[in-house]
Amino acid sequence: MDCGNCAQTIRAALERLPGVSDIRISVTKETLALRLDEGLTRPDAIESRIASLGYKPSRLAATQAPPLRRDAPSAWWRQAKGRLAIASGALVALAYLVSVLAPGWHDPLFIAASLIAAAPVARRAIVSARAGAPFTIEMLMTIAVAGALVIGAAEEAAIVVFLFCVGEVLEGVAAEKARSGIRSLAALVPQTAWLEEGGSVREVAAETLRIGQSVLVRPGDRIPADGTVLTGTSSVDEAPITGESMPKAKEPGSEVFAGTVNHEAALTVRVGRAAQDTMIARIVALVAEAQDAKAPTERFIDRFSRIYMPFIVGLSLLVAVLPPLVAGGAWGEWIYRGLALLLIGCPCALVISVPAAIASSLATAARRGLLIKGGAVIEALAGVDTVAFDKTGTLTIGRPVVTDVVALEGGAPQVLALAAAVERRSSHPLAAAIVARAEAEADAVAIVAAEDVAAVPGKGMAGTIGEAAVFVGAPRHAAAWATLPEAALAAIDRLEGEGKTVVVVVSAARAVGLLALRDEPRPDAAAAMGRLNAMGIRALMLTGDNPRAAAAVGVALGVAVTAGMLPADKAQAVAKLARSGRVAMVGDGINDAPALASAQVGIAMGSGTRVAIEAADAALLHDRVGDVPALIGLARATMANIRQNIALALGLKALFLVTTIIGATGLWVAILADTGGTVLVTLNALRLLGYFRSEAQAPSGGSPESSRQALATG
């Protein structure tokens, strides 16, 4: 199944069968579940009905979980829809080439292209109609192509059906991308684990681990299961689960999660949850459920065709036969008028103009580094009234930097030099930040050589410089190396109150200085929040980080903050917001994937994980927070452009419908009106290619929103 249309067609076909109820369809997992009274309908009949729609069903056992497909999908050009799009496109190109060399073959080739591409579309239209859904976009396309061929507009028919086939291919590619993202998420859990049993250690498959067993996790390994630390002290990078940039110290009794990375020392972990119930597994389930629950935006043309198509077909038929039957009109004249009316009523301009606006919008967004996954996302973005942001890696840079150097003895350069000498041997993110700050101030900081450097697992780093023992670590552990003076304790309390991580530098049993580190906001984050506010959009922050660090960033940016959230909490918060408005979620980590999928629109930072980008509907490839309001502004301009195109196409049709009925215009004018309308709406759509150029050239006194409105309204 490629999209919501597939699910609707299957649902409509099965609902008509007796004894069928409680139909549940997952496009993401490509599964169907229903309640069946086998006394009224046999299970084989269900499979036969699905197969008649063009799908290949296979039955799962009652106790079998519905897995995501594990085999690599075929490339799009090897699939039926891809081959159809390529064939019709090749025939259209060939017809244009032949029309220059041998004009006599022009029409036959365009007719062939139309029939080849339209045949499977027409089949699906007929099947859907028999299933109880007659006025689908496939039916609209079938009638449009048939009408164009009847009156000799073979070229137009071929182009329209080719564009439709291309759209079908892109829809299938997008659906498979979403599934591959979920598979990537599940792949974070290692395939094997080191099981401790009977005094020995052996390698086993991680999925076979049972609750209560003990596993050895070596430094650098991913933890294979959720559980509790039995022995060992180390720091663990939990960014895949909580999104927090700072690794957490783990000791006996601490809880750990599958997929997180152990840093310095070996840990023995007691398995607390089975493989199918780990935090990562629950995140996979949350993403899949949220994607299935998010109803796809129904295509405007499909909705409109439910009224428009029956009206045009019926009106054309009446014009062709009613005057001759009732008033004795000439059959040839009125059939001619009926065909002209059918051509004018053919929704070619509508079918082409909306994809043209979407394509222009996607192209200009791509040049700006904004990846948007389809027209439905643009429509949803245009209606957003709330934007929820993750903190770490989204509103902030995603790595700690040294913000304060407090010298208790000597000067700040000496404190940095001592700390950097020891931390240079560590791969910890805090150590890298300290060394980077010292190197940035190389003119003032003379880094000395340290000897006997070793990690104190979960506590800090220690070494010897000259005759002095040096320790760099957290305040609670530094107390074992030196007595902290009152001034130091006051400074620590103040800095931690600002949401910063404090590191104490001890030399020769004396606290000589403090270093404060924090993940700082991105340079453009504050301006982006102001721009969203000017657009009438509320911004807020949802983060797994600690409340003090989150509050400090929230105050700096002027946004409301909810901290200490797990992935499920974020997803629930976003889902609650989505019930009362239209919400966009912006994040970068695996932990953000459920919330990204729960929002009407999920936006991922380009530096984020592949899972976050795949789960999202859009991505900011240049990691600029300011691209969020730019993205929403482009979406609003695009929807305004689409409304203009629809009004233009329908206005022309209304005008020429009247002139055709009264006999003022004939087939050649009908062709000109229909083709001319297509050209006009396409040119209007192409204006979107200059959206960001127009925005950049807006007068400095005007707001970004006013410049977007000027572009959207022309």
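**Exercise 1. Find which residues Ile632 touches, leaving aside its neighbours within four places in sequence.**

Take contact as heavy atoms within 4.5 Å. With that cut-off, Ile632 meets Leu381, Val384 and Val387, and also Leu532, Met535 and Ile537. Before going on, a word on the model: it's predicted, so local features need pLDDT of at least 70, side-chain atom pairs count only at pLDDT 80 or more, and totals for chains, interfaces and linings use all residues. Numbering starts from 1 along each chain as its sequence is written, and side-chain values use heavy atoms, with hydrogens and water left out.

**Exercise 2. Place Ile632 in the largest nonpolar core.**

Step one: a nonpolar core is a set of buried Ala, Val, Leu, Ile, Met, Phe, Trp, Tyr and Cys residues joined through side-chain atoms within 4.5 Å. Buried means under 20% relative accessible area, exposed over 50%, and partly exposed in between (1.4 Å probe, protein chains only).

Step two: the largest core has 49 residues, and Ile632 is among those with the most contacts inside it, along with Val387, Phe389, Met529, Leu532 and Ile603. Helix H23 (residues 627–661) is the top contributor, giving 10 residues. Helices (H or I, at least four residues) and strands (E, at least two) are DSSP runs, numbered from the N terminus.

Step three: look for a separate core. There's a second one of 25 residues, which includes Val415, Leu418, Ala433 and Val445.

**Exercise 3. Work out which residues of H19 are buried, and what covers them.**

In H19 (residues 547–557), the buried ones are Ala549, Ala550, Ala552, Val553, Gly554 and Leu557. Their cover includes helices H13 (391–395) and H18 (525–534), plus strands E19 (510–518), E20 (538–542) and E21 (560–562). Right after H19 comes Gly558, with a positive phi near 75°.

**Exercise 4. Sort out the strand order of the open sheet with three strands.**

The order is E8-E7-E10, with antiparallel pairing. E8 (248–250) and E10 (261–262) are the edge strands, each with a single partner, so one side of each has no neighbour in the sheet. Two strands pair if DSSP finds at least two bridges between them; E7 (residues 234–237) and E8 have three. Across that pairing, Ser235 sits opposite Ala249 in E8.

**Exercise 5. Classify Leu322: buried, partly exposed or exposed?**

Leu322 lies in helix H9. Its relative accessibility is 41%, so Leu322 counts as partly exposed.
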